[in-house]
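Please open the model in your viewer and keep the selection tool at hand. We will go from stop to stop, and at each one I will say what to select and what is there.

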Amino acid sequence: MNFKDSIKTYQETGDLSVINGIMDDVETVDFLDNPTRRYLSSETRDVIISLAEPRQYITYRIKAIREMAIKHAWYVRQPLKYSYPELNRYLSIMAIDLNIDIPFEPFEFDRYLYTYEINTELMAWLRKEENTIEERFIYGGFEHDYKWYLHVLTLIEKTEIEAVKEEARIRTEVMEDMEKALKHVLKYVDFERSEQEIVKYVNASLMTRYYGEQSKRNGFRRVRRGGDDWMIKPQFASPIASILGVDVPPSKLAKSLTEQQSEFLRKLTDKAEEDMRENRNEGYSVTREGRFIMKGAYAAQISGLPYEVAKRRLTRIKNKFRNFRL
């Protein structure tokens with residue numbers, strides 16, 4: 001089935017073959033080995049590449065975004081950023097001065113310093129060869145350096161374990177959000193377009209939808225005010241403010257509300273307190289200032305009143321404190 005037909009089948013029947021194929025290619029296709037891959041110029045990181053199938057241009061975009069996101073896990077290594085060059089200094093002593101055959105290629109080197117990619121495979125080999133390495137250090141007169149080498153290696157090992165966990169978490173999140181975005185975007189492909197136009201449309205729309213999924217995952221909401229869209233990470237204020245839009249002292253509430261209104265408001269504030277503890281916000285809209293405010297439908301659900309009755313009662317209470325200031 002060709003690219004267009006597979007998308008059409010997804011739209012008409014929900015068959016996920018085209019999506020599964022794209023996502024599987026992310027794991028199996030090594031684009032770095034493609035001989036046509038090259039940078040457009042030395043001043044930019046934009047890449048041009050020729051691929052066998054149209055869907056792989058979508059795969060390439062997804063994989064590039066995922067790898068970029070994984071690189072952001074540098075913050076795990078940041079506290080030990082000076083230890084990595086130090087470990088490379090000791091690896092250089094091994095390779096240059098002690099004639100230890102390290103079975104990994106340095107990505108940079110000169111007469112005095114070899115720079116290796118510090119990863120779990122390299123460190124596993126260092127531990128496996130620990131006895132030989134210790135003997136060479138002592139025999140070569142570097143016993144003091146060996147103690148510091150072990151210290152640096154141990155620090156980096158712990159950090160790399162955490163970094164690998166964080167990278168795995170990021171990788172999983174990106175793939176989950178990309179798959180959701182892809183399912184949405186492919187529903188709106190226009191088959192009158194060429195395959196090249198379809199790929200261009202999917203890649204552009206995919207990124208917009210993906211960043212929307214990421215925003216939701218990170219607690220952001222899209223708020224529309226005055227014809228403009230705002231991405232806001234909302235927060236709860238106090239339970240009372242999340243219902244009325246303003247903090248009102250209990251003494252003021254007691255003086256201003258009827259018994260019926262007080263009981264109604266008590267049910268809502270109890271629920272708001274619980275939602276704040278449990279980090280639930282589905283029953284709340286968001287103000288431009290980034291505050292959660294309880295929806296009328298949710299107030300009706302909590303109070304057990306019909307929607308119109310709950311909405312009117314909540315509006316009357318809000319109106320009593322519309323101009324209130326602490």
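Start by selecting asparagine 99, in the loop between H5 and strand S3 (108-109). Although asparagine 99 is not a glycine, its phi is positive, at about 55°. Is asparagine 99 buried or exposed? Its relative accessible area is 59%, so asparagine 99 counts as exposed. Please keep in mind throughout that this is a predicted model.

Now jump to asparagine 279, in the loop between H12 and strand S7 (284-286). Here too is a residue other than glycine with a positive phi, near 60°. Asparagine 279 is exposed, because its relative accessible area is 60%.

**Along H12**

Next, select helix H12 (residues 259-278) and pick out leucine 268 within it. With a relative accessible area of 0%, leucine 268 is buried. What does leucine 268 touch, leaving aside its neighbours within four places in sequence? Show Ile243, Met294, Ala299, Ile302 and Leu314, which are its contacts on that basis. You can also draw a distance from leucine 268 to isoleucine 240: their C-alpha atoms are separated by 8.6 Å, with the two positions 28 residues apart along the chain counted as their spacing.

**A buried serine**

Move on to serine 238, in the loop between strand S6 (228-232) and helix H10 (241-244). Its relative accessibility is 18%, and serine 238 therefore counts as buried, the cut-off being under 20%. Apart from neighbours within four places in sequence, Asp247 and Met276 are in contact with serine 238.

While you are here, colour the chain by pLDDT. The chain average is 85, and 91% of the residues score at least 70. Which element has the lowest mean pLDDT, and which the highest? S6 is the lowest, with a mean of 60, and helix H13 (residues 296-303) is the highest, with 93. Where pLDDT is low, the predicted coordinates should not be read in detail.

**Helix H6 and its partners**

Select helix H6, residues 120-128, and show the side chains of Leu122, Met123, Trp125 and Leu126, which are buried. Turn the view to look down the axis of H6: the buried residues fall within an arc of 155°, so they line one face of the helix. Add helix H5 (83-97), helix H7 (130-139) and helix H8 (143-185), against which the buried residues of H6 pack.

What caps the N-terminal end of H6? Asparagine 119 does, with a side-chain oxygen 3.2 Å from the backbone nitrogen of glutamate 121.

From there, step into helix H7 and select threonine 132. Threonine 132 counts as partly exposed because its relative accessibility is 36%. The C-alpha atoms of threonine 132 and isoleucine 100 are separated by 8.9 Å, and the two residues are 32 apart along the chain.

**Last stop: a pocket**

Finally, turn to the second largest pocket, which has a volume of about 500 Å³. Of the 19 residues that line it, select Arg77, Glu117, Ile118, Glu160 and Glu167, the closest to its centre. Then colour the helices around the second largest pocket: helix H3 (55-71), helix H4 (74-77), H5, H6 and H8 each supply at least two residues of its lining. Which helix gives the most to this lining? That is H8, with 3 residues.

Key: Residues numbered from 1 in each chain as written. Predicted model: local features only at pLDDT ≥ 70, side-chain atom pairs only at ≥ 80, totals over all residues. Heavy atoms only, no water. Buried < 20%, exposed > 50% of the residue type's maximum accessible area, 1.4 Å probe, protein only. Helix = DSSP H or I, 4+ residues; strand = E, 2+ residues; numbered from the N terminus. Arc of directions from axis to C-beta. Contact = heavy atoms within 4.5 Å. Polar contact = N/O pair within 3.5 Å; in protein donor to acceptor, adjacent residues only side chain to side chain. pLDDT = per-residue confidence, 0-100. 1 Å grid on protein atoms, 1.4 Å probe; cavity = no way out; pocket = protein on both sides within 12 Å on 5 of 7 lines; lining within 4 Å. Points joined across faces, edges and corners; volume = space filled by probe spheres on them.
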